[in-house]
Amino acid sequence: MSKHTGSCRCGLISVEASAEPIWQSYCHCRDCRKQTGAPVMAFVGFREEDLAWFGEPKTWRSAGGLSRSFCDHCGSQIGYRDERLPGEVYLAIGFMDKPEDFPPNLHAFEKRRLPFLHIADDLPRYQEQSVERR
């Protein structure tokens, strides 16, 4: 396995993953749209124990028990943690140095997908969350 790396636009925050991801997904929820400023978010999940961080991302509490992180210098969105999914970190694929290595394999919150956004694929589509939370 090659190491997976990611960094913010200015390079002050970076991460190195020593294992393969546990999740790759699109999310169509309103919170992800508001966070990213995009019509859909794509992210990749890793176990926290498999990540080595360089620099300290800033975080803030978002809706539904999420803590979202970003670089307070360049504003890059880094990802989020969900208190109902302990030990897991979900990174925006735009934060990853090789986002093409993490094609999403499902859609979450399909019922909240913007009506003008059409992604032609055969991926599973979950009307709500795609990961069962505790």
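**Note on the predicted model: helix, cavity and chain**

1. Start at Asp-31, which is found in helix H1. The model shown here is predicted. Helix H1 covers residues 30-36. Which residues does Asp-31 touch, leaving aside those up to four places away in sequence? They are Ser-62, Ala-63, Leu-66 and Arg-68. Ser-62 is 31 residues from Asp-31 along the chain. The C-alpha atoms of Asp-31 and Ser-62 are separated by 8.0 Å.

2. Gln-35 also lies in helix H1. Is Gln-35 buried or exposed? Gln-35 is buried, because its relative accessible area of 15% falls under the 20% limit for that class. Beyond residues up to four places away in sequence, Gln-35 touches Trp-60, Arg-68 and Gln-77. Arg-68 thus appears among the contacts of Asp-31 and among those of Gln-35. Gln-35, Arg-68 and Gln-77 also help line the largest cavity.

3. Now the cavity itself. How many cavities of 30 Å³ or more does a search of the whole structure find? The search finds one. About 40 Å³ of space lies in the largest cavity. Its lining consists of Gln-35, Thr-36, Met-41, Arg-68, Ser-69, Gln-77, Ile-78 and Gly-79.

4. Which elements each supply at least two residues of that lining? They are helix H1, strand S7 (66-70) and strand S8 (77-82). Strand S8 gives the largest share, three residues. By class, the lining has five polar, two nonpolar and one charged residues.

5. Step back to the whole chain. It has one helix and ten strands. In what order do the elements run from the N terminus on? The order is β-β-β-α-β-β-β-β-β-β-β.

6. Overall dimensions come next. The C-alpha trace spans about 40 × 30 × 30 Å along its principal axes. Why does the radius of gyration agree with a compact globule? A compact globule of 134 residues would have a radius of gyration near 14 Å, and the chain has 14 Å, so the two agree.

7. Burial and contacts fill in the picture. Buried residues make up 43% of the 134 residues in the chain. Among contacts with a separation of 6 or more, 56% join residues 24 or more positions apart. The chain exposes about 7,500 Å². Carbon and sulfur atoms supply 49% of that area.

8. Check the backbone at Phe-109. Phe-109 is not a glycine, yet it has a positive phi of about 55°. Most residues other than glycine have a negative phi. Where does Phe-109 sit? Its place is in the segment after strand S10 (107-108). Phe-109 counts as buried because its relative accessibility is 12%, under the 20% limit.

9. Arg-112 lies in the segment after S10 as well. Arg-112 counts as partly exposed, because its relative accessibility is 38%, between the limits of 20% and 50%. Not counting residues up to four places away in sequence, Arg-112 touches His-28, Cys-29 and Arg-33. Arg-112 and Gly-65 are 47 residues apart along the chain. Their C-alpha atoms are separated by 19 Å.

10. Look next at the N-terminal part. Lys-3 is found in the segment before strand S1 (4-7). Outside residues up to four places away in sequence, Lys-3 touches Glu-16, Ala-17 and Ser-18. How far apart in space are Lys-3 and Pro-86, C-alpha to C-alpha? They are 23 Å apart, with their positions 83 residues apart in sequence.

11. Glu-20 closes the list. It is found in the loop between strand S2 (14-17) and strand S3 (23-27). Glu-20 is partly exposed, because its relative accessible area is 44%, between 20% and 50%. Glu-20 and Lys-3 are 17 residues apart along the chain. The C-alpha atoms of Glu-20 and Lys-3 are separated by 8.3 Å.

Conventions
Residues numbered from 1 in each chain as written. Predicted model: local features only at pLDDT ≥ 70, side-chain atom pairs only at ≥ 80, totals over all residues. Heavy atoms only, no water. 1 Å grid on protein atoms, 1.4 Å probe; cavity = no way out; pocket = protein on both sides within 12 Å on 5 of 7 lines; lining within 4 Å. Points joined across faces, edges and corners; volume = space filled by probe spheres on them. Helix = DSSP H or I, 4+ residues; strand = E, 2+ residues; numbered from the N terminus. Nonpolar A, V, L, I, M, F, W, Y, C, P; charged D, E, K, R; others polar. Rg over C-alpha atoms; globule rule 2.2 N^0.38 Å. Buried < 20%, exposed > 50% of the residue type's maximum accessible area, 1.4 Å probe, protein only. Contact = heavy atoms within 4.5 Å. Areas by Shrake-Rupley, 256 points an atom, 1.4 Å probe, with all protein chains shown as cover.
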